[in-house]
Amino acid sequence: MERHGGRILSDQLQKLGVRRVFSVPGESFLAALDGLYDSGIANVVCRQEGGAAMMAEAYGKMTGTPGVCFVTRGPGATNASAGIHVAMQDSTPMVLFVGQIDNRHTDRETFQEVDYRAMFGGIAKWVAQVDDTDRLPEYIGRAFRVAMSGRPGPVVLALPENMLSAAADVPDVRIPQMVPSEMSGHATQAILQALGQAKRPLVVVGGPHWSAQAQADVQAFVERQKIPVVAGLRRQDYIDNRHPNYGGDLNVGVNPRLAARMREADLLLLIGTRFGDIETQGYTLVDPGNPQKTIIHIHASGDEIGRVYAPDIGVVATGPAALRALAVAEPVGDWAAWTAAARADHDAWIAPQESPGALKQEEVIKWLSDNLPEDAMVTNGAGNYAAWLHRYFVYKKHGTQLAPTSGSMGYGFPAAIAASLEYPDRTVVCLAGDGCFQMTCNELSTAIQHGATPIVVVMDNGRYGTIRMHQEKTYPGRVSGTALVNPDFAALARAYGGYGEVVTTTADFAAAFGRAQSSGKLSIIACKVDEEALSTGATLSAVRKAALSR
Ligand SMILES: Cc1ncc(C[n+]2csc(CCOP(=O)(O)OP(=O)(O)O)c2C)c(N)n1
């Protein structure tokens with residue numbers, strides 16, 4: 001039976017199990033919109049492609065299957081690149097479909113023409129253009145496989161409009177259902193043997209592929225082996241943070257005691273993580289040239305093993321597959337005292353340290369941590385405000401943290417919309433800085449239109465605080481390009497049909513949050529925070545003073 005390209009595409013997506021796509025329309029892919037029309041696939045129509053791509057990325061992060069995004073050529077694709085970069089750095093499966101110019105006019109710099117292979121080459125896992133309608137299923141099938149294989153990531157498929165609107169008689173394809181590979185007994189033995197010889201071993205978990213089972217397995221493994229475990233950047237929900245073997249996370253503002261422990265460790269068991277720049281504090285905690293410790297690296301992609309650190313043992317396996325095997329291994333040592341010390345360091349680190357002002361971010365985060373349901377999802381982007389979240393929020397279950405390891409501002413709100421649509425019965429909280437939120441707050445109407453009800457907590461300090469902090473350290477007193485004039489965020493929520501409140505003291509936060517929750521609507525709680533407050537514990541003036549006296 002002949003079908004137009006848009007229909008072939010939507011039928012194929014349906015067969016691949018896609019339930020929801022995120023898009024901003026363009027005249028370049030009308031046939032795809034027509035295919036979606038009666039496909040049963042929900043189309044979340046967004047306000048800007050950056051937000052749409054971040055929602056798709058968040059969908060991929062939540063479900064482990066590719067998040068799908070549709071954008072138009074040229075400006076649509078360049079806007080969407082923000083989300084593609086997040087998916088790349090976060091190893092998230094995602095497929096971006098870009099409406100492309102009529103391929104008979106290629107290379108004439110036709111209206112909105114872009115060579116996507118060149119443009120996305122360095123930030124996508126695979127980029128291709130489908131020039132023949134009858135090859136659409138083949139390309140889509142491959143795009144889904146590539147997005148999920150090895151180290152997952154984003155795939156970009158350009159769809160010329162003449163190809164999409166043409167008809168073809170072609171069957172849909174199935175993508176292979178991969179049987180998850182197991183870690184070999186040989187690899188397990190090698191890991192345990194090396195571990196058994198260590199005096200101060202440390203387990204680091206991170207990367208993609210995690211699951212509730214992996215959380216249970218890592219907890220069983222570290223309990224049996226009496227060994228400490230820490231989380232990579234923004235992978236804090238990989239283990240119950242209340243677990244006695246949990247020693248904290250390797251974040252931008254890492255606990256100095258944990259950094260010292262990392263240096264002191266004589267063996268690192270890296271499970272799933274790329275063990276990158278942030279986890280190693282700019283490769284200073286562990287010297288790539290001379291690590292001075294045994295390194296065991298388990299990663300789903302062989303290409304990541306030895307990329308920076310040449311490990312003593314490298315194993316190609318997903319983190320969860322490795323942990324299935326390791327969880328049941330007999331104990332090979334007992335590092336109980338070393339583990340208890342790591343936990344004690346972490347406990348001391350998460351005891352709220354008072355910041356200046358009437359509304360204290362450490363208290364607000366602690367309140368959220370103590371009062372949100374265990375399965376509540378918390379999202380964020382980048383900024384100083386996020387450091388309070390990472391330090392004081394106690395993650396309990398896998399699947400409760402959506403945060404960009406790429407450090408992309410503007411991520412938290414679109415991610416919260418995607419989370420609220422995916423899990424309408426769960427509480428979804430987006431924590432945002434005033435700068436961060438304004439990068440994607442145009443998606444407020446997207447949330448309202450599609451019935452998403454996240455609660456956005458905006459930490460309003462009237463500035464790009466992180467950069468201002470760095471500025472005061474480096475060029476004290478010379479404020480340049482970091483001040484913000486903000487709208488009334490609570491009124492903004494109301495303008496869109498949501499619920500909004502301004503909170504100025506810590507004591508008022510809980511009641512405001514309760515009212516936001518019982519409104520049942522998309523909400524914004526604008527927290528007026530002290531401009532002096534820094535997550536490092538110092539005040540802004542103290543930072544300036546110290547810099548001036550150098
Ligand atoms: C898309 C993007 N642009 C710029 C930056 C650089 N950047 C990192 S943090 C930051 C300031 C964040 O400001 P805000 O959201 O208000 O939070 P605050 O630091 O004040 O708590 C900036 C501009 C970034 N990480 N991402």
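Begin by selecting Thr-318 in this predicted model, where, at the start of helix H11, a side-chain oxygen of Thr-318 reaches to within 3.1 Å of the backbone nitrogen of Ala-321. Extend the selection to the whole of helix H11, residues 319-326, and you will find an element that is mostly covered, with seven of its eight residues buried. Those buried residues are Gly-319, Pro-320, Ala-321, Ala-322, Leu-323, Ala-325 and Leu-326. What do the buried residues of H11 pack against? To see the answer, display helix H8 (185-196) and helix H9 (212-225) together with strand E12 (267-271) and strand E13 (294-299), against which the buried residues of H11 are packed.

Go next to the ligand and show the residues around it, of which there are 17, the closest being Asn-384, Asp-434, Cys-436, Gly-465 and Thr-466. Three of these residues are worth selecting one after another. At Asn-384, a polar backbone atom is 2.8 Å from an oxygen atom of the ligand, while at Gly-465 a polar backbone atom lies 2.7 Å from a ligand oxygen. At Thr-466 the side chain takes part, with one of its N or O atoms 2.7 Å from an oxygen atom of the ligand. Taken alone, the ligand exposes 590 Å², and the protein buries 76% of that. If you colour the helices, you can pick out helix H14 (384-392), helix H16 (434-440) and helix H18 (465-474) as the elements that give two or more residues to the shell around the ligand. Of the elements in this shell, H16 gives the most, with four residues.

From here, select Ile-365, whose place is in helix H13, residues 361-371. Is Ile-365 buried or exposed? Its relative accessibility is 0%, and therefore Ile-365 counts as buried. Leaving aside the neighbours within four places in sequence, Ile-365 is in contact with Trp-388, Leu-389, Tyr-392, Phe-393 and Leu-431. For a sense of scale, draw a line from Ile-365 to Thr-405, which are 40 residues apart in sequence and 20 Å apart in space, C-alpha to C-alpha.

Another stop is Ser-28, found in the loop between strand E2 (20-23) and helix H2 (30-37). Although Ser-28 belongs to a loop, it counts as buried because its relative accessibility is 1%. Its side chain is joined to that of Thr-72 by a polar contact of 2.6 Å. When neighbours within four places in sequence are left aside, the contacts of Ser-28 include Thr-72, Arg-73, Gly-99, Gln-100 and Glu-161, along with Leu-159 and Leu-164.

The last part of the tour concerns aromatic rings, which form 13 aromatic pairs in this model. One of them is the stacked pair of Tyr-116 and Phe-120, with 6.2 Å from centre to centre and 25° between the planes. Why are Tyr-116 and Phe-120 separated by about one helical turn? They are four residues apart in helix H5 (residues 116-120), which means a separation of about one helical turn. Both Tyr-116 and Phe-120 are buried. Select Phe-29, Phe-70 and Phe-97 together to see one aromatic cluster.

Finish with two rings that have a charge over them. The charged end of Arg-261 sits over the ring of Trp-338, at 4.7 Å from the centre of that ring. At Trp-349, the charged end of Arg-391 sits over the ring, 3.5 Å from the ring centre.

Methods:
Residues numbered from 1 in each chain as written. Predicted model: local features only at pLDDT ≥ 70, side-chain atom pairs only at ≥ 80, totals over all residues. Heavy atoms only, no water. Phe/Tyr/Trp six-rings, centres within 6.5 Å; stacked < 30°, edge-to-face > 60°. Buried < 20%, exposed > 50% of the residue type's maximum accessible area, 1.4 Å probe, protein only. Lys NZ or Arg CZ within 6 Å of the ring centre and 35° of its normal. Polar contact = N/O pair within 3.5 Å; in protein donor to acceptor, adjacent residues only side chain to side chain. Contact = heavy atoms within 4.5 Å. Near = heavy atom within 4 Å. Areas by Shrake-Rupley, 256 points an atom, 1.4 Å probe, with all protein chains shown as cover.
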